[in-house]
Each structure stands twice: as C-alpha cells, then as structure tokens.
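Q: Please take a close look at the largest pocket of this model and at what surrounds it. Which residues lie nearest its centre?

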Amino acid sequence: MEAVILAAGKGTRMHSQLPKVLQTIGNKPMLAHVIDSAESAGARKIHIVVGNDGEQVKDQILNFASQIEVSWVLQKEQLGTAHAVLQAVPHFETKAQDDHILVLYGDVPLIKPDTLRQLLVSTRADAIGILTLITKNNKGLGRILRSESNDVIGIVEEKDASDLQKEIKEVNSGIMALPVARLESWLNRVENNNQQSEYYLTDIIALAVSEKVAINSVVVINEIEAQGVNDKSQLALVERHFQMTKCTQLLEEGVILKDPSRTDIRGKLSCGHDVEIDINTLFEGSVMLGDNVKIGPNAIIKDSSIGNGTQILPGTIIEGATIGEETILGPNARIRPGTIVGNNVKVGNFVETKQAILGEGTKANHLAYIGDAEIGKNCNIGAGTIFCNYDGANKHKTILGNNVFVGSNSVLVAPVKLEDDSFVAAGSAINTNVPEGHLAVGRAKQRTISGWKRPTKNTKS
Ligand code: UD1
Ligand code: MG
C-alpha cells in the first residue's frame, strides 16, 4: 500500500510563518505523526504533497526521518484536495490494479494505525473506503450523504450544503482508501464549480457511486483521532488529548502520576516499577527512569537516564545526563549535557554541572559550578566552589582523585589536578596541582588589627 499525505494547504487560520503541518504536537511536527501512522499501518511508500514552502517542510521532517521511502510532490497552486492528489498520481509505483492508495491529511495528526488498518482491511479491492465520524461538532466539515438504504452516495462540503444537509451529524474525516486502478480517471473528471472554486476530493464519491462502485464507510469511534487542526485552539486541544493519552499509558503501566494533567511528555519516557512523578513535570526527548525513581514537582528532564532509587527534588533541570542509583539531585540543581553522576551522589541547590563526572559518594551540596571536571569517589565540593574551566578562549579540565575535600568559596583554575586525599582550604584560588594527601591554602593571610576605630557618620554642615 502507498499513501498520499496532503500537506500543501497554507494554513491561514494559524496566523504563523511556520507551515501548518510543521506545527508540533508533543514537540513533533503534525506531519511527522501522520507519516508514522501511515508507516505503522503498512504503507511502504509515502507521497507528501507540499506547496511552495515545501523545502522548509522537507528539511524539518528529515530530522524525524523514519525508515520509510518518501517522495515529495509539489503542488504549485492550491487548487483543492482532488488537485493535490492528482499531482501525486504520476509518482505511484504500484502496478497491482487491486491496490488501494491511502489518502491522509497532514493536519489530522492523531489518527491511529489500527483505525487505518481497519479501514484498509474492510474495504474490498474494487471499493472506496472512507473514515467518517458522528459528531455534534460538525462545523466546517464535509457532510456524508446517504441513500434511503443507508449507502453512502456523496459528500457535500459545508459551504455548498443546504440547510437540511448542514444538520447531518455524520462527517468526512478526510481519510480515504481509493482503488488505484480508477483513481486518476475520477480525479480528472472532478470539476470546481462550487462555492470555493476548488477541486474537491470529496466529489469523487458521487462519481464512483454513479459507476456502481461500492463505498465502505468506517465510523471512527474516538472523535479526536479525526480532529483536523486548522487554528491554534484546535492545536491546543489536540496537544492536551495527546498528552492525556501518554499519561494514561504510564498509569496503566503502574507509574504514579500525582496529576496526569500536569505532566507533559514531549518524546519518549520509559519507567521502571514504582516510579513516582509529581506535578508540573516535563519530559523531553528520550528519558529513562529506573525502578523506584521519584521526580519532584517542577522538574524538567531531557534526553537523560536516571538510575534505580534516585530522587530528583523540586525545580531540578537535567539535560543530556546519565545519573546513577540512590542519588539525590536538587532541589533546584541544573545538570547540563555531558554530566555523568555515579551512585549515592548528592548534588544540591543551585549547583550547575556541565561535562562533569562525579564519582560514587561525592557531594556538592550547595551553590557551585562544576564544568569540565572529573571527580573521583567520596569527594566533598564545598559551598560556592567554582571550577574555573574557561580562559576566555579555551576550556580546560579539572581532575580530582578520591576523598578530595574542597573548602567553601574556592576557585579551581583549570587545568589543574587535585590528587587523592588532598584538601583545599576555604577561600582558596588553586592553580597548581595538589599532591596526594597535601593541604593547599591559596588565600591572603588574615590580619587582625587592634585599636581600630569604627567610622562615624558625617554630621551635615
Ligand atoms: C477537508 C474535506 C472535508 C473534511 C475535512 C476534514 C475536502 C474538499 N474537504 O476540508 O470534507 O470534512 O477536510 O478535516 O477535501 N490541501 C492541499 N492542497 C490543496 C488543498 C488542501 O494539500 O489544494 C491539504 C491541506 O494542507 C490539508 C488537507 O489538504 O492538510 C485538507 O485541506 P483543508 O483546506 O484543511 O480542507 P478542509 O476545509 O478542512
Ligand atoms: Mg482542514
């Protein structure tokens, strides 16, 4: 089966510079969702009909590339949905006359592969299959016309419908399975003498019926699957449904979500057993949480893995990091890309890490910057310690052995090495290596002055 995805529409109602089909649901363009569904439903080639912003669409979609073969078809002028499908016809590969072409819309992103399969399986080789839905929210949608014997005999667009037809609650989702053998002949005969002067794909239904072709209609049970996205309200509606589906899946797998409406997953989140996720949490990209992991409120985690039994305390932001087991991060820690944290580590409030390895049992409990560092086991990084990794042009590395103690408010000027069991006195600026077991004091000596007079306030003249 080959699929055609229509994605050339301008999307005027979005009021955006971004092509409509690149608007995202769960951080992924709507068109990429539709491509995935088509692929999962069994499409082996997908033709995407794009307009003049096609290059931009193509560039973005390649970032979400699946394995499937995509052919990009240009529709220079948006003359209607039948005209759009017609542009793809010369690119069809199938020679089998009993194949169907699946037509999908780039702005109907939540359609499920199962629903598409159901449509394809139930539609005979010489018949047309259409997905319809029965809804009170029929505004703007094509109405399904049925005969007295309840057979589908046509689709009328709202703008062309009579008042009586506008009352019809069964509407066109836009998704169709069309027999490739007759498609081109139907498309060539569609006319544009309607309110919008467009070539409507929906007009092929009446043409097919006049040729005694059977129309198989499948009603979508879950309305949101067929929801088209034409403006920002519909985009927000679809996003909420998408998020709720993701959270429902997690709940079914046994994850505790304190409030499923206050956790968003923009990517893939996999969880071990007995994971607890508090409110206002955001997961992006690919995130893995081990067993018994607890995520506190207001945490943001992107492209990272968190080991068993680890706790992420409120307000912590983690990106591109690998975190060990039984570790505690936060509250309000910022763990940046390239951070690797071992087991039983503590990284506390207002500690920022980047390109840093923190060995097992190490603690950095308060207010520190740890960049380009390799820290061994059981070290203590005092409050206010800065790993001074940048000389204005290049980055340099700081290496700490095991059991190193860095007193508060110290600056470690890289490149520098603090060997096992070394000790840095509080307030030191360290720029030469400290050998094993040594104490380094790198600060001005304190002077205590006796007989000093406290200044007094000037009296006004
Ligand atoms: C279309 C259907 C309507 C259905 C509704 C479901 C037609 C005539 N009408 O109406 O029956 O109920 O979808 O959402 O088909 N597109 C192109 N080229 C064009 C025109 C459109 O690629 O020349 C693409 C759009 O980008 C969009 C899709 O086709 O992805 C549908 O077009 P849109 O203008 O949104 O049609 P609707 O008015 O929603
Ligand atoms: Mg639409």
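A: The account below begins with the largest pocket and then follows its residues and elements outward.

The model is predicted, so local features are reported only at pLDDT of at least 70 and side-chain atom pairs only at pLDDT 80 or more, while totals for chains, interfaces and linings use all residues. Residues are numbered from 1 along each chain as its sequence is written, chains are lettered from A and ligands numbered from 1 in the order in which they are written, and side-chain values use heavy atoms, without hydrogens or water.

The largest pocket (an open set of points on a 1 Å grid where a 1.4 Å probe fits, with protein on both sides within 12 Å along at least five of seven lines) has a volume of about 1400 Å³, which is the space filled by probe spheres set on the points. Its lining, meaning residues with an atom within 4 Å of a point, comprises 44 residues. Arg 13, Lys 20, Tyr 105, Asp 107 and Asn 230 are the ones that lie nearest the centre. Strand 1 (2-7), helix 3 (81-88) and strand 10 (170-179) are the elements that give two or more residues to this lining; helices (H or I, at least four residues) and strands (E, at least two) are DSSP runs numbered from the N terminus. Strand 10 supplies the largest share, 3 residues. Sorted by class, the lining of the largest pocket holds 12 nonpolar, 22 polar and 10 charged residues; charged means Asp, Glu, Lys and Arg, nonpolar means Ala, Val, Leu, Ile, Met, Phe, Trp, Tyr, Cys and Pro, and the others, with Gly, are polar.

Among the residues nearest the centre of the largest pocket are Lys 20 and Asp 107. The side chains of Lys 20 and Asp 107 form a salt bridge, with 2.8 Å from N to O; the term requires a side-chain nitrogen of Lys or Arg within 4 Å of a carboxyl oxygen of Asp or Glu. This pair links distant parts of the chain, 87 residues apart: Lys 20 is in the loop between strand 1 and strand 2 (24-25), and Asp 107 in the loop between strand 6 (100-105) and helix 4 (113-122). Asp 107 counts as buried because its relative accessibility is 13% (buried is under 20%, exposed over 50%, partly exposed in between, with a 1.4 Å probe and protein chains only). Lys 20 is likewise buried, at 11%.

In the whole structure, 19 salt bridges are found. One of them joins Glu 211 to Arg 182, whose closest N and O atoms are 2.8 Å apart. Glu 211 is in the loop between helix 7 (203-210) and strand 11 (215-219), whereas Arg 182 is in helix 6 (residues 180-189), so this bridge ties together parts that are 29 residues apart in sequence. Glu 211 is partly exposed at 26% relative accessibility, and Arg 182 is partly exposed at 33%. Another salt bridge, at 2.5 Å from N to O, is made by Arg 336 and Glu 352. Arg 336 lies in the loop between strand 23 (334-335) and strand 24 (340-341), and Glu 352 lies in strand 25 (residues 346-358), 16 residues apart. With 24% relative accessibility, Glu 352 counts as partly exposed. In addition, Glu 2, Arg 44, Lys 45, Glu 69 and Glu 93 are joined into one network by salt bridges that share partners.

The second largest pocket may now be set beside the largest. The volume of the second largest pocket is about 720 Å³, and 26 residues line it, with His 33, Phe 242, Thr 245, Lys 246 and Gln 249 nearest its centre. Helix 1 (30-40), helix 8 (232-252) and strand 13 (263-271) each give two or more residues to this lining. Helix 8 provides the largest share, 6 residues. The lining of the second largest pocket divides into 9 nonpolar, 9 polar and 8 charged residues.

Strand 13 leads on to further strands. Strand 13 pairs in the parallel sense with strand 15 (residues 281-289) over 9 bridges; pairing requires at least two bridges found by DSSP. Leu 269 lies in strand 13 and stands opposite Val 287 in strand 15. Leu 269 is buried, with a relative accessible area of 11%. Strand 15 also pairs in the parallel sense with strand 17 (residues 300-302) over 3 bridges, where Leu 282 stands opposite Ile 300. Finally, 2 bridges join strand 15 to strand 18 (residues 305-306), and these run parallel; there, Ile 306 is the bridge partner of Leu 289.
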